[in-house]
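Here is a walk through one protein model with a ligand in it. Have the viewer open as you read, and follow the residue numbers along.

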Amino acid sequence: MPASPIRKLVPYAEAAKKRGVKVYHLNIGQPDIETPKMALDAVRNFDFKVLEYSHSAGNESYRKKLSAYYKRAGMDIDYQQIIVTTGGSEAILFAFMSCLDAGDEVIIPEPFYANYNGFAVSAGVVVKPLTSYIDKGFSLPPVAEFEKLIGPRTRGIMICNPNNPTGYLYSREEMETLRQLILKHDLYLFADEAYRDFCYTGEHIASLNLKGVEDRVVMIDTISKRYSACGGRIGALVTRNQDLLDTVLKFAQARLSPPSFAQILGEAATDLPADYFDATKAEYLKRRDVLVSRLNAIPGVFCPNPGGAFYAMASLPVDDTDKFCQWILESFSYDNQTVMLAPAGGFYGTPGLGQKEIRLAYVLNTDALHKAMDCLEKALEKYPGKI
Ligand SMILES: Cc1ncc(COP(=O)(O)O)c(C=O)c1O
């Protein structure tokens, strides 16, 4: 099992805090936006005598509300095509275990959400990374590059849209390219849409709306980011493929049921007015603009403008971001403050890539982001491994 690139620097951050240094956490996608009160109140006020198992596929009332949410977002999904999972994490694991045999391969554009590696290891699945590049803004690699990797054991392509860690939002043309690829080579498309509600420049093209591949698309969803409810542990696997739903349900039955409290929370949250997302999106957009402009103003730093999610990747003028991200916690502070960043190497499957890149999560308010960027700027002036 690979270590999480996001969490491996935690002991250095803890040590910095023990020294009295304030640490700005830009390393992890834990939103600071408050969980909607009406959703928390639904849990507080729920009257029950026994905290029972729910249906293995999730509460029917919640699945019906989710189906309505998807319809509002333009996806015609019946509640029976939804299996509620323990976070999007379990949906990814169920998707891999249900669609691929041990030794089968899935192609994933890199850099990618590092935990895909952990789920692949758990399911015996082989990840074939396909590099996307920072100087191209992390757009989809060309078809010919996919086709070089497609072999007899390739079963699927996995994307995250909008992307974690790059923030890249796939265009209509890119989604059409993927549609043709999975059709031509008889593959599944695993589409992780955890950040669907956070798109800033351009339209989100839902994988479930791709035509002619309805039985090939598996969408992964979660309430973690949408409603700032990461601790609730509720996600969903959505597909129109009935055989696949039957198989996924067997895995869902084996683990009995998804968490009960957070299904209540998720169900209440689907009743939030449409403008709920307008306010959160406007806040993230403001933060993105601060972060990206501050980064690009630092000599030697380059950060492409992300179209969605709440992450950005930046290249730094340093020897190795693993060392730099440790040094900035261990040996640096500015006004008794420092910043925790995620070195990007762990988001790449190809060894050696991403060594000059970091991922930043803009999950702090703009004041804190400015202070974090002050720290980064000063740190880059002082870092002994600067190139
Ligand atoms: C792209 C992506 N997929 C899945 C997950 C897992 O989400 P959950 O909290 O629903 O398990 C995350 C969490 O950060 C993520 O960024």
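How many bridges join β9 to strand β12, and do they run parallel or antiparallel? There are 5 bridges between β9 and strand β12 (residues 357–361), and the two run antiparallel. Keep in mind throughout that this is a predicted model.

## The three-stranded sheet

That pair belongs to an open sheet of 3 strands, with the order β9-β12-β11 and antiparallel pairing. The edges are β9 (311–315) and β11 (342–343), each of which pairs on one side only. If you want a handle on the register between β9 and β12, take A312, which stands opposite L360 in β12.

As background, strands of a sheet pair through backbone hydrogen bonds, and they can do so in a parallel or an antiparallel way.

## Parallel pairs and buried strands

Now for the parallel sense. β3 pairs that way with strand β4 (residues 126–131), over 6 bridges. To find the register, start from E105: its bridge partner in β4 is V126. Cover is the other thing to look at here. 6 of the 6 residues of β3 are buried, so the strand is largely enclosed by the rest of the structure. This holds for both faces: E105, I107 and P109 are buried on one side, and V106, I108 and E110 are buried on the other.

β5 and β6 also make a parallel pair, with 5 bridges between them. Here G156 has Y188 in β6 as its bridge partner. As for burial, 5 of the 5 residues of β6 are buried, so β6 is largely enclosed by the rest of the structure. Y188, F190 and D192 point one way from β6, while L189 and A191 point the other way, and all are buried. Hang on to D192, since it turns up again at the ligand.

## Around the ligand

Which residues come nearest to the ligand? Of the 14 residues around it, those are G88, S89, D192, Y195 and T222. The shell divides into 5 nonpolar, 6 polar and 3 charged residues. Helix α4 (residues 87–99) gives the most to this shell, with 4 residues.

Three polar contacts are worth pulling up in the viewer. From G88, a backbone N or O atom lies 2.6 Å from an oxygen atom of the ligand. D192 uses its side chain: an N or O atom there is 2.6 Å from a nitrogen atom of the ligand. Y195 uses its side chain as well, with an N or O atom 2.6 Å from an oxygen atom of the ligand. As for cover, the ligand has 390 Å² of accessible area on its own, and the protein covers 93% of that.

## Backbone oddities

Some context for this part: most peptide bonds are trans, and most residues other than glycine have a negative phi. With that in mind, check the peptide bond from E110 to P111, which is cis with omega near 5°. P111 sits in the loop between β3 (105–110) and α5 (115–123). Another cis peptide bond joins N161 and P162, where omega is about -10°. You'll find P162 in the loop between β5 (154–160) and α7 (172–185).

Then there's phi. D186 is not a glycine, yet it has a positive phi of about 55°. Its place is the loop between α7 and β6 (188–192). S228 isn't a glycine either, and its phi is positive too, at about 50°. S228 is in the loop between β7 (217–222) and β8 (235–239).

Which of these is buried or exposed? D186 is exposed, with a relative accessible area of 52%, whereas S228 counts as buried at 8% relative accessibility.

## Cysteines

How many disulfides does the structure hold? The count is 0. C160 is in no disulfide, and the nearest cysteine sulfur to it, that of C199, is 11 Å away. C199 is likewise in no disulfide, with the sulfur of C160 as its nearest at 11 Å. For reference, a disulfide is a covalent bond between the sulfur atoms of two cysteines.

As for exposure, C160 is buried, with a relative accessible area of 3%. C199 counts as buried too, at 10% relative accessibility.

Technical notes:
Residues numbered from 1 in each chain as written. Predicted model: local features only at pLDDT ≥ 70, side-chain atom pairs only at ≥ 80, totals over all residues. Heavy atoms only, no water. Near = heavy atom within 4 Å. Polar contact = N/O pair within 3.5 Å; in protein donor to acceptor, adjacent residues only side chain to side chain. Areas by Shrake-Rupley, 256 points an atom, 1.4 Å probe, with all protein chains shown as cover. Nonpolar A, V, L, I, M, F, W, Y, C, P; charged D, E, K, R; others polar. Disulfide = S-S within 2.5 Å. Buried < 20%, exposed > 50% of the residue type's maximum accessible area, 1.4 Å probe, protein only. Pairing = 2+ DSSP bridges.
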